[in-house]
Amino acid sequence: MSRLSGLKGLRARRPSNQSFSWGHRGRRDGGGDPTAEPVIDVRGLTKHYADIKAVDGISFEVEKGQMFSLLGPNGAGKTTTVEILEGLRDPTSGEARVLGVDVRKGYGKIRNRVGVLPQDFEPFDRLKPREAVAYWAHLFDRTLTKEEVAGLIRTVGLADRADTLAMNLSGGERRRLGIAMSLVGKPKLVFLDEPTTGLDPGARRELWGLIRQLKSEGTTILLTTHYLDEAEQLADDVAIMNHGKIVARGSPADLIAKHGQGHSIVLAGAGEDGLSAVRARGVVAELQGADVVVQVPLASDMRRMLEKLASIDTPLNEIYTRRASLEDVFLNLVGARMQEGVLAA
Ligand SMILES: Nc1ncnc2c1ncn2[C@@H]1O[C@H](COP(=O)(O)OP(=O)(O)O)[C@@H](O)[C@H]1O
Ligand SMILES: [Mg+2]
């Protein structure tokens, strides 16, 4: 699968003969000009495989300079959507326009303006980053100067690994090399399909830094992920996908405000006895494992509720407050938690 994706990625882009400059800067806030055409415009898109509705009637648009995230479990339809937008798969029905072009008709015109990091990307083991970037550019009829190659490698933070065989790079370094390769055409739009899946937390954070840097340079980014914290940290706009459908859409803050039930207070380890004691004081609470959890929808009620709970005499390990996150949003909307891309009860 990974090799196949790599080849598909290879076909997906054909860099132009523009000279390199990392100077193009865009809006940092991801906000859009309401009169400008969206960079990506998807309407009623479906993709069916026999009886599987991999993509089941989704609509969204992505504005210039935005970081948009398709967030959902394995099998939700993220990659299928992205591959349609990369011009690699034909939709069953609906409309998809990228950079103003119908993906079914005019992809040749835009291929050189789109960068792709396919899911599970792995570079060639026996090439060094310096060679891999030059070779990749060459495959797309583009010759980079030594300085341009070095600049790209520096951009992704691999300057001191430029002459190490890819097989000896860490997982995070190989992914960063993949991002450097996706940038050989200086794309205005980049698709990153699960760029941090399988990486350790440190490597994930390093990649987040790189992705933020790309965005700050004005690149429009479509990021797929099954990591809720990743979408919450990086995205201006999130579409939560499940079973081929978009179940919610908005900025992380808006989704949390709308579907997240505000703040909560946790009486860690208070157990059944704690729950009874809290309820005896007329407070609505529930047991989550051994913890008693009290929802506090309005932040302004927080202090009063903390004082009330602190005065209850029941054994517990600690009291802490918790702000709703995309995890709560996801649980509320999908009815299950997600761990490593798999839905759990
Ligand atoms: N080429 C294919 N043939 C048949 N079914 C496919 C194909 N590609 C994807 N699917 C199915 O479509 C659904 C969505 O897959 P995918 O887009 O890869 O989801 P995600 O990227 O969110 O994990 C899954 O049920 C998957 O098994
Ligand atoms: Mg996928």
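Which residues does S182 touch, not counting those up to four places away in sequence? The answer is G115, V116, L117 and V190. Let me stay on S182 for a moment. S182 lies in helix α6. S182 counts as buried, because 20 or more other C-beta atoms within 10 Å is the cut-off, and S182 has 25. One distance goes with that. S182 and V114 are 68 residues apart along the chain, yet their C-alpha atoms are separated by 8.5 Å.

Now the whole chain. What you see is a predicted model. The average pLDDT is 89, and 90% of the residues score at least 70. The weak stretch is residues 1–32, where pLDDT stays under 50. The model still has 64 contacts beyond four places in sequence for that stretch. Be careful there. Where pLDDT is low, the predicted coordinates should not be read in detail.

The protein has 345 residues, and 41% of them count as buried. The secondary structure comes to 12 helices and 16 strands. Take the contacts between residues at least 6 apart in sequence: 72% of them join residues at least 24 apart.

Next, the ligand. What surrounds ligand 1? The shell is Y49, I52, A54, G72, N74, G75, A76, G77, K78, T79 and T80. Two elements give two or more residues to that shell, β2 (52–62) and α2 (78–85). Helix α2 gives the largest share, three residues. By class, the shell has four nonpolar residues, six polar and one charged.

Strand β2 takes us to a sheet. This is an open sheet of four strands, in the order β2-β1-β4-β5, with antiparallel pairing. Which strands stand at the edges? They are β2 and β5, and β5 is residues 101–102. Each has a single partner strand, so one side of each is left without a neighbour in the sheet. Further in, β1, residues 40–49, pairs with β4, residues 93–98, in the antiparallel sense over five bridges. One position to look at is I40, which stands opposite V98 in β4.

Just past that is L99, in the loop between β4 and β5. The phi of L99 is positive, near 50°, and L99 is not a glycine. Is L99 buried or exposed? L99 counts as buried, because 20 C-beta neighbours lie inside 10 Å.

Compare D120. D120 also has a positive phi, about 60°, without being a glycine. D120 sits in the loop between β6 (114–117) and α4. With 17 other C-beta atoms within 10 Å, D120 is partly exposed.

That loop leads to helix α4, residues 129–139. Its buried residues are P129, A132, V133, A134, W136 and A137. What do they pack against? The partners are α5 (146–155) and α6 (171–182). Helix α6 is the one that holds S182. As a reminder on helices, there are 3.6 residues a turn, so residues three or four places apart point the same way. After α4 comes D141, with a positive phi near 60°.

Now to the other end of the chain. Strand β14 covers residues 318–323. How many of its six residues are buried? The number is zero, so β14 lies largely in the open. E318 is in this strand. E318 counts as exposed, because 10 C-beta neighbours lie inside 10 Å. E318 and G269 are 49 residues apart in sequence and 7.5 Å apart in space, C-alpha to C-alpha. The partner strand is β11, residues 263–268, and the two pair in the antiparallel sense over six bridges. Within that pairing, I265 has T321 as its bridge partner in β14.

Last element: helix α12, residues 326–334. Here the buried residues are L326, D328, V329 and F330. Note that D328 is in that list. What covers them includes α8 (228–234), β9 (237–242), β10 (245–250), α9 (252–259) and β15 (337–339). Helix α12 is followed by G335, with a positive phi near 80°.

To wrap up, three places to keep on screen. One is the shell around ligand 1, with α2 as its largest contributor. Another is buried S182. The third is β14, with zero buried residues. And leave residues 1–32 out of any close reading, given pLDDT under 50. Over to you.

Methods: Residues numbered from 1 in each chain as written. Chains lettered and ligands numbered in written order. Predicted model: local features only at pLDDT ≥ 70, side-chain atom pairs only at ≥ 80, totals over all residues. Near = placed C-beta within 6 Å. Nonpolar A, V, L, I, M, F, W, Y, C, P; charged D, E, K, R; others polar. Pairing = 2+ DSSP bridges. Buried ≥ 20, exposed ≤ 12 C-beta atoms within 10 Å, placed from the backbone. Contact = placed C-beta atoms within 7 Å. pLDDT = per-residue confidence, 0-100.
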